[in-house]
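Biologist: I would like to go through this structure term by term. Please tell me what stands behind each word.

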Amino acid sequence: MIKLLNIKKSFDSTIVLDNLDMIFEEESITAILGPSGCGKTTLLRISAGLINADSGEITGADREKMSFLFQEPRLLPWKNAWKNLELVIPDNVDKETRKRLCFEMLEKVGLKGYENHYPSELSGGMRQRLSMARAFIIQSDILFMDEPFQSLDLKRRAQMISLFKDLWIKNKPMVIMVTHDVQEALLLADKLYILSDKPTRILKEIQNPMPFEERTVKNEHFYGLEREIINEYIVN
Amino acid sequence: MKKHLQNVLLVVFIAAFVVLWHFLSLGRKTLIFPSPYEVIVSLYSIIASRSFLPTVFNTVWAVFLSFAAAFIPALIIGIISKLVRFVYRLMELVTGFIRSIPTVAIILMALLLLPLSYTPVIICYFVVFPVLYTNISEGLQNVDEKLLEMARIYRFSNAKIIRNIYIPSLKTYIIAGSRSALGLNFKVMVMAEVFNFANHRTIGAQMYMHKIQIDLAGVFAWALIVVAVSIIFDLLIKFIFRENYIND
């Protein structure tokens with residue numbers, strides 16, 4: 001479990017995060033939902049230890065294995081698909097196993113046959129899938145996601161979300177994701193934190209009433225929940 | 001435009017240039033302006049002479065020495081400049097200064113101050129070093145922060161970061177820097193050799209000999225040889241560092 005306590009962060013004189021408390025549970029997906037520019041990404045970077053908060057306390061975040069799905073795929077342009085995956089596998093794993101793991105993972109994300117392609121030779125969607133493969137290949141303890149499906153069209157996003165679910169269910173790493181998309185949050189997260197505009201506070205903490213397997217747009221509660229969140233916390 | 005058509009057009013333009021040159025030389029008022037034919041004859045006699053290869057070798061070797069002498073410190077100081085901000089700012093000043101000095105001033109000073117046989121190498125060092133240093137240091141400053149952040153998240157070791165992120169991103173800058181530095185290196189080397197009488201078997205010295213005999217065809221012929229040698233080396237660099245991915 002990771003706990004954030006009284007997290008404060010300012011850039012210059014602007015208070016971005018104002019006394020935030022959050023709890024992220026093991027084997028669970030938490031979505032941080034908020035308007036653009038409210039400091040979601042800053043919060044995520046603080047949780048991942050990439051930047052420091054001005055004050056406050058973080059406990060339980062010192063993890064051995066972390067992975068991150070960024071807004072962009074962040075692949076090395078000079079490495080082909082399987083080498084991009086292989087890079088994140090710890091050095092003590094032997095050569096044969098590394099290769100096998102990479103090829104298996106590429107097959108899972110639908111990139112079989114593209115092992116030797118460079119990122120520039122892959123489509124945008126394929127690069128995102130490769131980036132997702134990289135996030136899951138190391139069986140990390142914690143996965144951070146910074147609006148990873150944002151740049152995709154509706155159909156591709158639905159595909160990516162279902163791919164994500166298939167990969168996540170195997171090891172269930174703790175996931176902290178930030179998004180401004182209510183649907184995305186409802187389709188994935190067990191718990192949603194809804195944030196206000198700057199200075200950012202938590203407006204509401206919601207447990208997703210839909211069980212993991214039933215989180216689809218076809219669920220009878222889905223649109224009701226979406227409308228409720230939008231009306232109560234986002235439009236006003 | 002289709003590549004084939006482009007090639008045809010290029011040949012047409014070159015042919016037109018040679019024809020124009022030919023007619024200009026027909027109407028010459030002075031004796032010395034050579035026709036294309038005279039240049040080709042001169043080129044043939046230069047290449048056929050026994051001293052041709054040693055002459056070209058001497059110049060190429062001096063270019064290689066000065067290039068290597070500039071490249072290694074440029075790389076080392078470039079790396080230090082990435083680590084120490086002060087060095088970066090200091091070197092900006094130093095390279096800016098060296099760049100602004102007229103090359104001929106460096107040549108004249110070097111001729112007076114230094115032992116004769118090494119002057120061309122040292123002159124070239126001063127011209128080539130800033131080009132190489134600037135490219136290497138810019139390359140290091142411009143390494144993609146997003147990739148470095150990704151590497152930190154996935155717990156890459158420092159060696160892994162250097163091998164997989166720094167070196168590949170630096171490569172494009174080193175290639176670009178080396179290509180422009182080498183082109184400059186050849187030009188300045190020949191110029192420095194013109195002023196250097198310690199060794200007659202250099203391209204620059206040969207040009208000077210043709211010049212004092214008012215044999216412009218010979219000067220033109222040597223100029224063509226320098227162009228050819230530069231192009232060969234440029235292609236060599238491109239070949240050595242060829243990439244199999246497209247950087248987008």
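Modeller: We take the two chains in turn, with each term set against its cut-off.

Biologist: What should I know before we begin?

Modeller: This is a predicted model: local features need pLDDT of at least 70, side-chain atom pairs count only at pLDDT 80 or more, and totals for chains, interfaces and linings use all residues. Residues are numbered from 1 along each chain as its sequence is written, while chains are lettered from A and ligands numbered from 1 in the order in which they are written.

Biologist: Which elements make up chain B, and what makes a run a helix?

Modeller: Chain B has 10 helices and 0 strands. Helices are DSSP runs of H or I with at least four residues; strands are E runs of at least two; both are numbered from the N terminus. The C-alpha atoms of chain B fill a box of roughly 75 × 55 × 30 Å along the principal axes.

Biologist: Why is Ala105(B) called exposed?

Modeller: Ala105(B) is found in helix H5 (residues 103-113) of chain B. Count the other C-beta atoms, placed from the backbone, within 10 Å of a residue's own: 20 or more means buried, 12 or fewer exposed, and in between partly exposed. Ala105(B) has 9, so it is exposed. Of the 248 residues of chain B, 31% count as buried.

Biologist: How do you know how H8(B) runs relative to H10(B)?

Modeller: Two packed helices are described by the angle and the distance between their axes. Axes are lines fitted to C-alpha atoms, for helices over the stretch in contact, and angles run from 0 to 180 degrees between N-to-C directions. Helix H8 (residues 158-194) and helix H10 (residues 216-240) of chain B have axes that come within 10 Å and cross at roughly 160°. That makes H8(B) roughly antiparallel to H10(B), a term for angles over 145 degrees (under 35 is roughly parallel, 65 to 115 roughly perpendicular, the rest oblique).

Biologist: Which residues make that contact?

Modeller: A contact needs C-beta atoms, placed from the backbone, within 7 Å. Among them are Leu182(B) and Phe186(B) of H8(B), and Val229(B) and Phe233(B) of H10(B). The residues of the contact divide into 8 nonpolar, 3 polar and 2 charged. Nonpolar means Ala, Val, Leu, Ile, Met, Phe, Trp, Tyr, Cys or Pro; charged means Asp, Glu, Lys or Arg; the others, Gly among them, are polar.

Biologist: Now chain A. What makes E2(A) and E4(A) edge strands?

Modeller: Two strands pair if DSSP finds at least two bridges between them. An open sheet of 3 strands in chain A has the order E2-E1-E4, with antiparallel pairing. Strand E2 (14-24) and strand E4 (55-59) of chain A each have a single partner strand, so one side of each is left without a neighbour in the sheet. Between strand E1 (residues 2-11) of chain A and E4(A) there are 4 bridges. Lys3(A) stands opposite Thr59(A) in E4(A).

Biologist: How do you know that E6(A) and E7(A) pair?

Modeller: They belong to an open sheet of 6 strands, ordered E5-E6-E7-E3-E8-E9 in chain A, with mixed pairing. Strand E6 (residues 142-146) and strand E7 (residues 174-179) of chain A share 5 bridges, in the parallel sense. Phe144(A) stands opposite Ile176(A) in E7(A).

Key
Contact = placed C-beta atoms within 7 Å.
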